[in-house]
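Reader: I'd like to walk through a model with you, one feature at a time. Could you show me how to read each one?

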Amino acid sequence: TMKHWFKIPSLKKSNKDMYSDATYHGKDDGGNFIYVPKWVENLFSGNRGNIDFDMSTVEGKSRALHKCWPFAMVLDHCGRMMQNGRYYVTDINGNEKRSFKDIVTLLNRPNVIQSGRSFIKQVEISLKCFGFCPIYTLRALKSDLPKSMMVIPPELFYMESLGKSPFTQTELSSISKRVYIRWGNENIELGNEEYFVIYDSIMDIPSNNGGRITFHSPVDALSTHTRNYMAQLIGRGNLIVNGGPKGILYGNDTTDVGNAAITPSESKKLQDDFKRKYGIVHKLYEIMVTPKKLGWITLGSNTDQLKLHEEDKACLEAIAQTIGFDPNLIIQGSTYDNSSQAKKAAYQDLIIPDSESITEALTNAICKDRAIIKMDFTHVPCLQKDMKELADALSTASNAVASLYNNRLITFEEARTEMSNFTDIDPDNPKGEFKSEINNDGDKQIQKQAGEAV
């Protein structure tokens with residue numbers, strides 16, 4: 001049986017550090033310690049726990065977030081880009097007020113362990129990974145504004161359906177019979193005022209009473225890509241850690257003395273010398289050595305022949321594109337122009353729309369009718385207006401408008417109105433003074449007028 005292959009009788013305590021490299025250890029009926037190296041489990045096709053992520057489930061996405069590097073990296077980039085946003089709070093007319101200070105304070109310090117930037121990053125990662133982000137709110141009695149807010153790990157959050165049709169309901173409480181957090185062996189029940197959910201995915205409300213309400217997004221389709229990545233990663237690890245290419249060593253000497261053998265002591269010395277010089281990654285090549293003419297038949301392939309490393313880029317691109325994130329932002333070798341345009345597109349098409357969904361949900365949950373929460377990204381460098389492009393556009397526009405004016409195709413006032421579309425001027429209320437000579441009924445009049453000449 002397998003356990004007898006790896007039986008180590010009377011293993012001393014000094015060797016128990018080997019346990020850290022084992023998938024199983026213990027004692028057999030005879031009191032002998034059992035030691036099975038981790039790589040052994042990968043030899044058996046039935047063991048798929050390390051590579052299979054069912055991305056259609058919350059649990060599968062949570063495992064992928066912690067174990068699949070491309071998935072985690074893309075989401076972390078999304079979160080860090082969201083961190084660049086700045087909160088501000090206005091009334092319905094767009095005016096910021098001192099009375100909104102308590103809301104701003106909560107947003108900047110939502111709970112005792114997080115800053116506002118850390119909180120918003122976690123919200124964005126949860127949205128992109130799971131398609132939804134549940135948030136716990138701690139409220140004082142008779143207070144609309146929570147004392148604190150904290151993201152609930154989606155894999156611990158449960159909403160049970162009442163089994164009613166959602167099409168005729170007006171309140172979430174009419175759809176969900178029970179909401180709770182599974183914390184260890186305890187279920188923490190949540191009231192309607194103790195949580196809210198931000199989501200940008202499809203909510204699946206089961207028709208059976210007590211069924212779990214779930215959320216589905218394009219990430220559900222990434223099971224194959226994450227599995228392929230993890231499989232090639234394990235394959236590369238086995239080839240590196242467990243030795244080089246395996247094959248058959250055979251005698252290829254056709255001379256009369258081709259079958260002559262060396263002595264056992266000569267063979268041992270040659271093997272020891274070879275292992276001492278050419279062993280890799282703390283493991284010696286398990287081959288025989290002889291000075292005789294030999295041939296080699298390869299039975300396997302190395303990492304370059306299998307092209308396992310190419311799965312890194314393929315998986316990364318598939319994950320990024322599924323989420324709506326341009327992979328040029330994180331793929332090495334991308335040009336500056338490609339990276340700059342990709343970053344700008346990521347803000348415009350992904351991050352800013354997500355921020356609007358987040359701030360809308362925050363407004364509805366904590367502000368009631370008092371205020372509107374918004375996020376500003378205009379300070380982000382890649383979103384700044386290109387001054388050279390602006391100058392070129394202004395020069396082209398001013399020349400065109402001047403030509404129209406000089407050819408008496410438009411009036412002076414019309415020219416200023418047109419130029420106000422390209423530069424920050426008020427055509428009706430010019431600033432400064434200049435003199436313009438206006439011919440009115442054949443008489444020359446000098447008129448002082450504030451503004452800028454075309």
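Author: Gladly! Keep in mind that this is a predicted model. Let's begin with R408, which sits in the loop between α12 (387-406) and α13 (412-419).

Reader: What is phi of R408 near?

Author: The general idea comes before the case. Most residues other than glycine have a negative phi. Here, phi of R408 is near 55°, a positive value in a residue other than glycine.

Reader: And is R408 buried or exposed?

Author: Exposed means over 50% relative accessible area. R408 has 78%, so R408 counts as exposed.

Reader: Let's turn to the surface. Which residues make a nonpolar surface patch?

Author: V112, I113 and M150 make one, with an area of about 320 Å². Of these residues, V112 is found in the loop between α5 (101-108) and α6 (116-130). Its relative accessible area is 73%, so V112 is exposed by that cut-off too.

Reader: Now the pockets, please. What volume does the largest pocket have?

Author: Its volume is about 690 Å³. Of the 20 residues that line this pocket, L172, Y195, F196, V197 and N364 are the closest to its centre. Two elements, β10 (195-199) and α11 (336-367), give two or more residues to the lining.

Reader: How do the residues of that lining divide into nonpolar, polar and charged?

Author: For the largest pocket, nine lining residues are nonpolar, six are polar and five are charged.

Key. Residues numbered from 1 in each chain as written. Predicted model: local features only at pLDDT ≥ 70, side-chain atom pairs only at ≥ 80, totals over all residues. Heavy atoms only, no water. Patch = residues over 30% accessible without salt bridge, like charges linked within 9 Å, V, L, I, M, F, W, Y side chains within 5 Å. Areas by Shrake-Rupley, 256 points an atom, 1.4 Å probe, with all protein chains shown as cover. Salt bridge = Lys/Arg side-chain N within 4 Å of Asp/Glu carboxyl O. Helix = DSSP H or I, 4+ residues; strand = E, 2+ residues; numbered from the N terminus. Buried < 20%, exposed > 50% of the residue type's maximum accessible area, 1.4 Å probe, protein only. 1 Å grid on protein atoms, 1.4 Å probe; cavity = no way out; pocket = protein on both sides within 12 Å on 5 of 7 lines; lining within 4 Å. Points joined across faces, edges and corners; volume = space filled by probe spheres on them. Nonpolar A, V, L, I, M, F, W, Y, C, P; charged D, E, K, R; others polar.
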